[in-house]
Amino acid sequence: MMLLDSIKEIYISNNKPKTWEHVQEVAETAIWLAERHSLDSEKVKIAALLHDVSAIMSPQEMYDIAISRNMYVDPAEEKYHFLLHQRISRIIAEERFGIIDEDILSAIECHTTLKKNADMYDKAVFISDKISWDQEGHPPYYEELKSLAAESLDEACYFYINYLFKNNMLLMPHLWITEAYDELKRQ
Ligand SMILES: [Fe+2]
Ligand SMILES: [Fe+2]
């Protein structure tokens, strides 16, 4: 089966049509950003389509995988297991889909929290996921985030993460987002 077909198949056979719809929207946004910022649109497309593939498991299953593999578990992940989904999606992308491209794997792995030393692929997928909200309507930051993203991925990341911190929107800040925020603030 071709890669794109097998990606679709995993969402559909696990009864996740909504997630499949969401990741396709994220892919569309990511391709738009890739074109604006001279990134490889094939890479951002695959990263976007796989970023939430761990939706095929429960948060408890994700946690069990992290423990059984001796992965570092952040206190925020310890408390909210679903925060592991970005890192578990990376594992599925590698092990079930044979993805080896580090730009793709890294972008999947940090799509919720970003991380320090994030590159443009990480930032493009991170922002695409925030613009393509998986809930009803548009998030309050939508217009501004979208227009910033068209010009600068760094500005967009800073704007979004700053918004989360300023409005106390993080259940419990994950180390990676705190580090990403500190780094973006310094720039
Ligand atoms: Fe996600
Ligand atoms: Fe997502």
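**Notebook: two irons, a helix pair and two cysteines**

I started with Asp52, which counts as buried because its relative accessible area is 9%, under the 20% cut-off. A reminder to myself: this is a predicted model.

**Entry 1: the iron ion (ligand 1)**

Next I asked which residues hold the iron ion (ligand 1). I found three protein donors, Asp52 (OD), His85 (NE2) and His111 (NE2), at 2.1 to 2.2 Å from the ion. Reading along the sequence, I noted their spacing as D-x32-H-x25-H. I then placed two of these donors on the fold: Asp52 sits in the loop between H3 and H4, while His111 sits in the loop between helix H7 (102-109) and H8, so this pair ties together parts 59 residues apart in sequence. I checked His111 for exposure too, and it is buried, with a relative accessible area of 0%.

**Entry 2: the iron ion (ligand 2)**

I moved on to the iron ion (ligand 2). Its coordinating atoms are His22 (NE2), His51 (NE2), Asp52 (OD) and Asp129 (OD), at 2.2 Å. Here I wrote down the sequence spacing as H-x28-H-D-x76-D. What is the arrangement of the four donor atoms around this ion? I get irregular, because the angles they subtend run from 84 to 171 degrees. For my own reference, the ideal angle for four tetrahedral donors is 109.5 degrees.

I also traced where two of these donors come from. His51 belongs to the loop between helix H3 (41-50) and helix H4 (59-68), and Asp129 belongs to helix H8 (residues 120-131), so the pair ties together parts that are 78 residues apart in sequence. Both came out buried when I looked: His51 has 0% relative accessibility, and Asp129 has 11%.

How far apart are the iron ion (ligand 1) and the iron ion (ligand 2)? I read 3.4 Å, and Asp52 coordinates both. That is the Asp52 I opened with, buried at 9%.

**Entry 3: helices H1 and H2**

I turned to the N-terminal part and looked at helix H1 (residues 3-13) against helix H2 (residues 17-36). They pack at an angle of about 145 degrees, and their axes are 7 Å apart. From H1, I listed Ile7, Lys8, Tyr11 and Ile12 in the contact; from H2, I listed Pro17, Thr19, Trp20 and Val23. Sorted by type, the contact residues give six nonpolar, one polar and one charged.

**Entry 4: cysteines**

How many disulfides does the model have? I count zero. I looked at Cys110 and found it in no disulfide, with the nearest cysteine sulfur, that of Cys157, 9.0 Å away. A disulfide needs the two sulfur atoms within 2.5 Å. Cys157 is likewise in no disulfide, and its nearest cysteine sulfur is that of Cys110. I then checked exposure: Cys110 is buried with a relative accessible area of 0%, and Cys157 counts as buried at 0% relative accessibility.

**Entry 5: Glu77**

My last stop was Glu77, which I located in helix H5 (residues 75-79). Is Glu77 buried or exposed? Buried, because its relative accessibility is 0%. Leaving out residues up to four places away in sequence, I found that Glu77 touches Tyr72, Leu83, Leu84, Arg87 and His174. I also checked Glu77 against Lys130, 53 residues apart along the chain, and their C-alpha atoms are separated by 20 Å.

Key. Residues numbered from 1 in each chain as written. Chains lettered and ligands numbered in written order. Predicted model: local features only at pLDDT ≥ 70, side-chain atom pairs only at ≥ 80, totals over all residues. Heavy atoms only, no water. Donors = N, O, S within 2.8 Å, 3.2 Å for Na, K, Ca; no water. Tetrahedral: all angles 85-135°; square planar, octahedral: opposite > 155°, others 65-115°. Helix = DSSP H or I, 4+ residues; strand = E, 2+ residues; numbered from the N terminus. Buried < 20%, exposed > 50% of the residue type's maximum accessible area, 1.4 Å probe, protein only. Axes fitted to C-alpha atoms, helices over the stretch in contact; angles between N-to-C directions. Contact = heavy atoms within 4.5 Å. Nonpolar A, V, L, I, M, F, W, Y, C, P; charged D, E, K, R; others polar.
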